[in-house]
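Work through the exercises below with the sequence and the coordinates open. Each task is followed by a solution in steps.

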Amino acid sequence: MYEFDWSSIPGALPYLWQGMVRTLQITGVAIVIGIVLGTLIALLRLSKNSILSNVAAFYVNGFRSIPLVMVLLWFYLLVPQFISSLIGRPSIDIRLLSAFVAFALFEASYYAEIIRAGIQSVSRGQVSAGFALGMTSGQTMLLIVLPQAFRRMIPLLLTQAIILFQDTSLVYVIGLTEFFGVAYNTGNRDGTLVEMLLFAGAVYFVISFSASMLVRTLQGKLAS
Amino acid sequence: MISIKKVSKWYGEFHVLKHCTTEVSRGEVVVVCGPSGSGKSTLIKCVNGLEIFQEGEILVDGISVGARKTNLSKLRSRVGMVFQHFELFPHLKVIQNLTIAQCKVLGRGNKEATEKALQLLEMVDLSGHAQKFPSQLSGGQQQRVAIARALAMDPIAMLFDEPTSALDPEMIKEVLDVMVKLAQEGMTMMVVTHEMGFAREVANRVIFMDHGEIVEDRPKTDFFGSPGTDRAQQFLSKILSHSA
C-alpha cells in the first residue's frame with residue numbers, strides 16, 4: 001500500500017500561490033484581449049466585404065485547426081525575435097510575454113465564433129429599429145446589437161474562460177512555471193510528486209467546478 | 001411631404017413593387033391596406049430606406065431616399081417608424097428606449113431627453129412605467145412605448161407598419177387611440193393596417209394594394225362608399241364582415 005505524504009504541501013503553499021497568480025494573469029490577459037480581438041474578428045467575419053470576411057474566417061479556422069501546445073511553442077520562438085527587432089531587449093520575462101500573446105490570439109479565434117453566433121442571434125428587427133431612429137450601422141451595433149449579444153453569450157464566454165484557465169498549464173512547454181509547473185517542480189524536488197499533483201488537481205477542480213456552477217446559476221437567471 | 005414616384009422593387013425574379021406612385025401631403029393620414037403579400041409593408045419600408053428599391057424615386061421632405069449622396073441616417077432620424085413587433089430595445093429600460101436616440105443621434109443632453117421622454121410617456125398614458133423593462137409590459141403598452149420612442153425624435157412624419165397586427169384584440173384599441181390622437185394633432189402619417197375602423201375615423205385617403213400594385217388610391221369616403229375595383233370590393237367585404 002502506497003503511503004501518502006502530504007507534509008511538504010504546507011511549506012509549498014507560498015510558491016503554489018505565486019504559481020496561481022501567474023495562472024490567473026495569463027487567463028485574465030487572454031480573456032480581455034481575446035474578447036476585444038474576438039469581437040473585432042467576429043465583426044469582420046460578418047462584414048459584407050468578402051475580403052475582410054475571408055481574412056477573418058482564415059484567422060478563426062487557422063487557429064482552431066492547430067493544437068494549442070504548438071501555437072505556444074511557435075510564439076515562443078517568434079515573439080522574442082519580433083519584439084527585440086522592434087524595441088530591443090524588453091525588461092519583461094519573454095516567456096511570459098509570448099504566453100500572453102499566444103493565448104490571447106488563440107482565444108480570440110474561439111471567442112470570435114461565440115461572439116459571431118451571439119450577434120447573429122439578435123433579430124434583424126432590432127437592427128431596423130436602430131436604423132429607423134437614425135442610428136448609423138456602427139451605433140446600432142454598439143448600442144443595440146452587441147449589448148444584447150453579450151448578455152446572451154455570458155455563459156458561453158465564461159465556459160470558454162474555464163477551459164482557458166485549465167489550458168494555461170500547457171505553458172510548461174516553454175519553461176514558464178505557473179500553478180501546475182510549481183506543483184510539478186516542488187513535488188519532483190521533494191519526492192512527493194503524486195501528492196502534489198493530486199493536490200493541484202483538487203485545486204483546479206474546485207475552482208473550475210465552482211465557476212461552472214456560477215455559469216449555471218447565471219444561465220438560469222438570464223433565461224428568466 | 002412624402003412623394004413616391006413609379007417605384008419598383010424586385011427580390012431576384014420576384015417583382016414585389018410595380019410602378020407604385022402616390023403622395024402623402026403635410027398633415028395627411030393615408031392608410032395602406034391590402035391582402036398579405038401585396039407589398040404594402042415593403043412599400044412603407046422603402047420610404048425610410050429600410051428596404052431598397054431598384055427603380056423610381058421617393059422624396060421625403062424634398063430629399064431623395066434612394067440617392068447615393070443622401071445621408072440616410074439623418075433622413076431616418078426625421079421620420080418615425082413603428083413596427084409590427086414593437087422592436088423595443090429589451091436591454092434598456094423604457095425611459096432609456098426613449099432617450100438613447102435623442103442623445104446619440106440628435107445630440108440632446110440627458111436632462112432634455114429625459115424631460116421629453118417623460119412628457120411623451122404621459123401622452124401615451126404610461127407615466128408610471130418609465131423605470132420598467134419592455135418585457136414587463138403588455139403588448140399594447142410596448143407598442144405605445146414604441147410610438148413614444150419614435151415621437152421623441154420630433155419626426156416630420158410617422159410610418160406605421162401593421163402596428164396592431166401582433167396584438168391581442170383587447171389591446172388594439174389602446175394603441176389605435178394613441179394613433180387617432182396623433183392624427184387629430186395633425187401628424188403626417190402613413191399607416192399600413194387592416195383596421196378599417198381607424199381608416200374611417202381619421203384617414204384622408206386609403207390606398208389599396210394587391211400583387212405589388214397600387215390598385216386604388218382614393219379619399220376614404222369614396223373608397224368605403226364604392227370601391228372602384230372588384231379586388232378592393234372583395235377585400236373589403238372579407239375584412240369588414242370579419243371585423244363586424
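**Exercise 1. The interface**

How much area is buried between chain B and chain A, and what share of it do carbon and sulfur atoms give?

Solution. The model is predicted, so local features need pLDDT of at least 70 and side-chain atom pairs count only at pLDDT 80 or more, while totals for chains, interfaces and linings use all residues. Residues are numbered from 1 along each chain as its sequence is written, chains are lettered from A and ligands numbered from 1 in the order in which they are written, and side-chain values use heavy atoms, with hydrogens and water left out.

Step 1. Buried area is the accessible area (1.4 Å probe) that two parts lose on being put together, summed over both. For chain B and chain A this comes to about 1,600 Å², with 66% from carbon and sulfur atoms.

Step 2. On the chain B side, Glu87(B), Phe89(B) and His91(B) lose the most area to chain A, together 34% of what that side buries.

Step 3. Count contacts, meaning heavy atoms within 4.5 Å. By this count 19 residues of chain B meet 18 residues of chain A.

Step 4. Test for salt bridges (a side-chain nitrogen of Lys or Arg within 4 Å of a carboxyl oxygen of Asp or Glu). The rule finds zero across this interface.

Step 5. Test for polar contacts (a pair of N or O atoms within 3.5 Å; within protein, one must be able to donate a hydrogen and the other to accept it, and residues adjacent in sequence count only if both atoms are side-chain atoms). Four residue pairs between chain B and chain A qualify, both residues being at pLDDT 80 or more.

Step 6. Assign elements, with helices (H or I, at least four residues) and strands (E, at least two) taken as DSSP runs numbered from the N terminus. Helix H2 (72-77), strand E6 (79-82) and helix H3 (94-104) of chain B each supply at least two residues of the side that touches chain A.

**Exercise 2. A helix of chain A**

How many of the nine residues of helix H5 (residues 124-132) of chain A are buried?

Solution. Step 1. Chain A holds eight helices and zero strands.

Step 2. Buried means under 20% relative accessible area, exposed over 50%, and partly exposed in between (1.4 Å probe, protein chains only). Of the 224 residues in chain A, 42% are buried.

Step 3. In H5(A), eight of the nine residues are buried, so this helix is largely enclosed by the rest of the structure. Among them are Gln126(A), Val127(A) and Phe131(A).

Step 4. The buried residues of H5(A) pack against helix H6 (137-167) of chain A, and also against H2, E6 and helix H5 (139-151) of chain B.

Step 5. After H5(A) comes Gly134(A), with a positive phi near 95°.

**Exercise 3. Two residues of chain B**

Are Arg144(B) and Val192(B) buried or exposed?

Solution. Step 1. Arg144(B) sits in helix H5 of chain B and is buried, at a relative accessible area of 8%.

Step 2. The side chain of Arg144(B) makes a polar contact with the side chain of Glu174(B) at 3.0 Å.

Step 3. Val192(B) belongs to strand E8 (residues 189-192) of chain B and is buried, with a relative accessible area of 0%.

Step 4. Not counting residues up to four places away in sequence, Val192(B) touches residues including Val32(B), Ile44(B) and Phe160(B).

Step 5. The C-alpha atoms of Val192(B) and Gly34(B) are 8.8 Å apart, although 158 residues separate them along the chain.
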